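Trainee: I would like a close look at one part of this model, the sheet and what is attached to it. Please take me through it step by step.

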Amino acid sequence: MNRPRTQRAAPDSIAARARQSSASGSKDAESPPLPELRPGQSALLLKELHILTREGKLNQDSRRKLKQVGHLVQFIEKIVVELEPQGDQLTLADHGAGKSYLGFILYDLLLKAQGSGTVYGIETRPELVDRSRALAERLGFERMRFLNIAAADAAHDSALPERFDIVTALHACDTATDDAIAFGLAKKAQAMVLVPCCQAELAANLRQSKALQLSRTPLAELWRHPLHTREMGSQLTNVLRCLYLESQGYSVTVTELVGWEHSLKNELIIARHTGQKKRSAGERLGALLDQFGLQALLPVRYPALVAAGDAL
């Protein structure tokens with residue numbers, strides 16, 4: 001019985017396929033960077049931060065995250081270009097740093113090539129601080145510092161400079177944004193760039209006095225329902241923050257970070273120090289606290305007004 005012979009590929013065809021495969025691999029290796037990346041941006045860093053996959057791709061969640069951080073970096077970049085460092089080099093504090101996406105990308109895009117400027121990441125979770133320190137060492141990001149400390153305590157920590165040029169807080173939850181503002185005021189920051197998140201403290205206070213307020217003023221209808229209480233608390237919290245910053249000598253701009261389809265926590269507060277304190281802003285802040293029955297928050301969140309008597 002004759003069995004069919006197995007066809008063997010000719011050596012030339014094997015070599016041709018190998019050359020084709022090699023050429024294809026070379027082509028993949030030299031493929032252009034993703035459009036979401038800025039020129040010169042480190043793909044290795046983004047892989048280490050798990051924003052890019054090992055293959056250098058972006059999933060939908062990572063694309064959204066990169067878009068948010070990228071937009072914030074653009075706002076901060078304009079400030080960095082305009083201001084003069086208060087010391088021998090620029091100092092930037094990143095409050096509620098988490099995995100330090102913002103701090104690392106800021107360093108990579110704005111400070112690495114300059115050879116000067118230091119980013120300080122402030123975070124309460126020690127495992128994230130350790131991870132960020134290890135990553136900075138691996139990448140040779142020598143002017144990055146990470147502190148395992150609460151934002152509320154950072155202003156008095158001896159490991160930090162006496163003054164900071166820029167204070168940032170990206171989605172620092174609830175009162176951590178207030179702590180970042182207090183830090184910026186104590187450190188005489190030239191600019192603060194804040195994206196608040198999960199403002200719960202003021203909403204809780206509104207709930208406590210809801211029955212009294214409903215009987216006192218029709219305005220209480222704005223937070224009669226739980227969902228409205230949360231949204232009203234969030235809105236009022238940021239309005240009070242802006243007034244506080246203005247009362248302490250900052251001009252304030254409020255805008256969107258990205259489109260609302262990318263993040264519901266999308267309000268961006270940019271404050272630049274002018275030195276011109278607005279007494280009227282402090283007075284309006286105090287009037288709002290009185291109107292909404294929130295006077296107890298005055299010494300807690302706005303102590304500079306108590307000292308100056310501007311909100312009394």
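Mentor: What follows goes from the sheet to the helices that lie across it, and then to the salt bridges.

Bear in mind that this is a predicted model. The sheet is open and has seven strands. Their order is β3-β2-β1-β4-β5-β7-β6, and the pairing is mixed. Two strands sit at the edges, β3 (144–148) and β6 (250–256), and each of them pairs on one side only. From one strand to the next, the twist averages 15°.

Take the β3 edge as a starting point. Strand β2, which covers residues 118–123, is joined to β3 by five bridges, and the two strands run parallel. One residue pair can be picked out here: V119 has M144 in β3 as its bridge partner.

Now add the helices. Helix α3, residues 60–82, lies across β1 (91–95), β4 (166–173), β5 (191–197), β6 and β7 (267–273). Its direction is at about 160° to β4. Helix α10, residues 226–247, lies across β5, β6 and β7. The angle between α10 and β6 is about 150°.

Helix α10 also packs against another helix. Helix α8 (residues 201–208) meets α10 at an angle of about 120°, and the two axes are 8 Å apart. At that angle, α8 is oblique to α10. The crossing of these two helices is right-handed. On the α8 side, the residues in contact are L202, A203, L206 and R207. On the α10 side, they are T229, R230, M232, G233, L236, T237 and L240.

The salt bridges come next. Side chains of opposite charge can pair when their charged atoms come close. The count for this model is 14 salt bridges. Helix α3 takes part in some of them, so look there to begin with.

E77 and R38 meet through their side chains in a salt bridge, at 3.2 Å from N to O. This pair links distant parts of the chain, since E77 is in helix α3 while R38 is in the loop between α1 (11–29) and α2 (43–48), 39 residues apart. E77 counts as partly exposed because its relative accessibility is 25%. R38 is partly exposed too, with a relative accessible area of 28%.

A salt bridge also joins the side chains of R272 and E82, at 2.6 Å from N to O. Here the link is between strand β7, which holds R272, and helix α3, which holds E82, with the two positions 190 residues apart in the chain. So α3 lies across β7 and is also tied to β7 by this pair. R272 is partly exposed, as its relative accessible area is 31%. E82 has a relative accessibility of 53%, so E82 counts as exposed.

Two further cases complete the picture. R224 forms a salt bridge with E221, and their closest N and O atoms are 2.6 Å apart. R224 is partly exposed because its relative accessibility is 39%, and E221 is partly exposed at a relative accessible area of 42%. Finally, D179, E201 and R301 are linked in a network of salt bridges.

Definitions and conventions
Residues numbered from 1 in each chain as written. Predicted model: local features only at pLDDT ≥ 70, side-chain atom pairs only at ≥ 80, totals over all residues. Heavy atoms only, no water. Pairing = 2+ DSSP bridges. Helix = DSSP H or I, 4+ residues; strand = E, 2+ residues; numbered from the N terminus. Axes fitted to C-alpha atoms, helices over the stretch in contact; angles between N-to-C directions. Contact = heavy atoms within 4.5 Å. Salt bridge = Lys/Arg side-chain N within 4 Å of Asp/Glu carboxyl O. Buried < 20%, exposed > 50% of the residue type's maximum accessible area, 1.4 Å probe, protein only. Parallel < 35°, antiparallel > 145°, perpendicular 65-115°, else oblique. Left-handed = near helix turned anticlockwise from the far one by under 90°.
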